[in-house]
Amino acid sequence: MARSVPPLRQPAEMSLHRSEELVIVGGGLAGASAACVLVREGVSAVLLERDPEPRHKVCGEFLSIEAQTYLAYLGIDLDRLGASRISRLRLHYCGKQVEAALPFMARGLSRKVLDEALLVKAMSLGARIERGVTVRFMDTDDIASRVDAGPYGKIRAETLFLASGKHDVRGVKRTASGSINDLIGFKLHYRIGGEQRAALDGVVEIVLFEDGYAGLQLIEDGTANLCLVVTQKRFERAGKSWNSLIKQIAGECPSVADRLRDPLPLFDKPLSIFQIPYGFVHHPDPAEPPGLFRLGDQMGVIPSFTGEGMSMALHSGCLAASTLLHHGRVSAAFHKQMASDIQRQVRLAFVLNKAARFSPGQTALFHLCRAWPSLMQQVAAFTRIREGSMQRVLAPP
Ligand SMILES: Cc1cc2nc3c(=O)[nH]c(=O)nc-3n(C[C@H](O)[C@H](O)[C@H](O)COP(=O)(O)OP(=O)(O)OC[C@H]3O[C@@H](n4cnc5c(N)ncnc54)[C@H](O)[C@@H]3O)c2cc1C
């Protein structure tokens with residue numbers, strides 16, 4: 001059973017200017033994991049999160065073994081939170097399917113529960129979490145960063161961890177050239193019938209359709225998560241209407257039609273995210289000040305096809321904290337290490353994502369997987385964070 005986690009405190013007394021040793025912008029997995037590691041080692045950190053309350057996020061909610069390893073390291077108990085277990089991958093294309101065992105036991109858990117559990121953990125360890133605070137602008141130099149958090153006030157910080165996810169903050173925007181950004185992500189949770197729940201039990205389903213793909217899996221409480229990525233053109237063809245889009249996809253994909261037979265949507269409308277810069281990797285920039293660390297999706301965005309974005313966010317949060325603790329304000333060294341840890345995986349996922357969007361690539365991908373189901377395991381293995389990279393954080397020399 002999923003447990004509800006207690007609400008966090010609202011922004012403290014507003015003040016105009018103050019100084020902090022370390023500010024973390026964004027309380028997703030990257031920001032909250034960094035906060036946990038730092039405060040555990042006695043560093044004082046304040047984390048600013050724009051959402052006043054826990055909320056759902058666009059995500060397939062598939063937790064790889066690497067993400068699970070980091071969550072266990074941070075003290076998050078996935079069993080207690082009710083995460084589902086997923087041991088098989090099923091690929092659907094034009095009414096046909098191929099299935100293979102995953103090379104690890106994956107888990108499924110909603111981001112609303114997971115992100116909140118991590119923030120609560122950071123707070124219990126001593127991090128100051130300020131909710132409902134949006135950072136509007138930042139500027140940085142070699143000495144410090146200045147953060148404008150609107151009515152919350154202005155903060156001067158020696159070190160800044162930028163973990164605002166897909167959202168750029170004015171003054172420190174990413175240069176996402178070379179990435180694909182014509183995609184739209186959607187997510188909706190459903191209560192589905194017992195027969196369909198049984199068919200999904202223990203499986204993550206990937207469905208390829210014209211100009212996009214979908215992931216379907218169970219999360220806590222037997223809830224089904226449907227997460228789709230479609231091109232803008234495809235959404236336009238559906239008249240920019242979610243209901244038409246999902247109707248069209250169910251018409252093209254019998255597995256989606258089956259799973260969503262008499263479903264009960266659990267939100268009024270799907271969550272969506274536009275212009276996802278898939279393939280982006282930040283490289284150290286000599287002009288960037290040493291105290292500005294980019295974490296999570298601000299560091300790199302792996303196409304969601306592989307379900308490794310969360311482990312990369314956790315890896316970046318833990319590695320940034322460990323770099324600061326052991327080597328000080330050397331963000332260029334951190335960015336270099338991170339780029340080397342994720343570059344290969346992001347590139348492979350980028351190629352797969354391109355193939356998975358259009359029918360010639362989809363046909364090739366499906367037939368290759370049907371001929372060699374172990375290929376799905378190899379792809380799953382090649383797009384993961386390497387053990388050596390994780391050991392640098394989990395068991396530093
Ligand atoms: C369609 C899709 C499906 C995906 N599926 C999976 C999957 O199944 N498995 C997987 O591992 N990964 C998946 N991912 C990737 C994963 O969701 C991300 O990589 C991960 O969420 C990145 O974590 P983060 O902490 O960097 O950012 P986020 O989780 O986005 O957190 C950023 C936080 O910063 C806050 N914030 C933003 N701007 C400001 C501001 N100005 N001031 C203060 N706070 C701010 C936000 O409110 C948010 O809480 C998917 C991504 C997409 C788009």
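Guide: Welcome! Helices here are DSSP runs of at least four residues, numbered from the N terminus. Keep in mind that this is a predicted model.

Visitor: Which helix gives the most to the shell around the ligand?

Guide: That is H8, with 3 residues. Helix H8 spans 309-327, and the other elements that give two or more residues are helix H1 (29-40), strand S2 (46-49) and strand S13 (224-231).

Visitor: What makes a residue part of that shell?

Guide: One of its heavy atoms must lie within 4 Å of the ligand. In this model 39 residues surround the ligand, and the closest are Glu 49, Gly 60, Arg 111, Asp 297 and Met 310. The shell divides into 17 nonpolar, 12 polar and 10 charged residues.

Visitor: Why does the pair formed by Gly 60 and the ligand count as a polar contact?

Guide: The cut-off for a pair of N or O atoms is 3.5 Å. A backbone N or O atom of Gly 60 lies 2.8 Å from a ligand nitrogen, so the pair qualifies. An N or O atom in the side chain of Lys 57 is 3.1 Å from a ligand oxygen, while for a backbone N or O atom of Glu 61 the distance to a ligand oxygen is 3.2 Å.

Visitor: Why are H9 and H10 called roughly perpendicular?

Guide: Their axes cross at roughly 110°. Angles of 65 to 115 degrees count as roughly perpendicular, so the name fits this pair.

Visitor: Which residues of H9 and H10 meet?

Guide: Leu 352, Ala 355, Ala 356 and Arg 357 in H9 meet Ser 359, Gly 361, Gln 362 and Leu 365 in H10. These divide into 4 nonpolar, 3 polar and 1 charged.

How values were computed:
Residues are numbered from 1 along each chain as its sequence is written. This is a predicted model: local features need pLDDT of at least 70, side-chain atom pairs count only at pLDDT 80 or more; totals for chains, interfaces and linings use all residues. Side-chain values use heavy atoms; hydrogens and water are left out. Axes are lines fitted to C-alpha atoms, for helices over the stretch in contact, and angles run from 0 to 180 degrees between N-to-C directions. Angles under 35 degrees count as roughly parallel, over 145 as roughly antiparallel, 65 to 115 as roughly perpendicular and the rest as oblique. Contact means heavy atoms within 4.5 Å. Ala, Val, Leu, Ile, Met, Phe, Trp, Tyr, Cys and Pro count as nonpolar, Asp, Glu, Lys and Arg as charged, and the others, Gly among them, as polar. A polar contact is a pair of N or O atoms within 3.5 Å; within protein, one must be able to donate a hydrogen and the other to accept it, and residues adjacent in sequence count only if both atoms are side-chain atoms.
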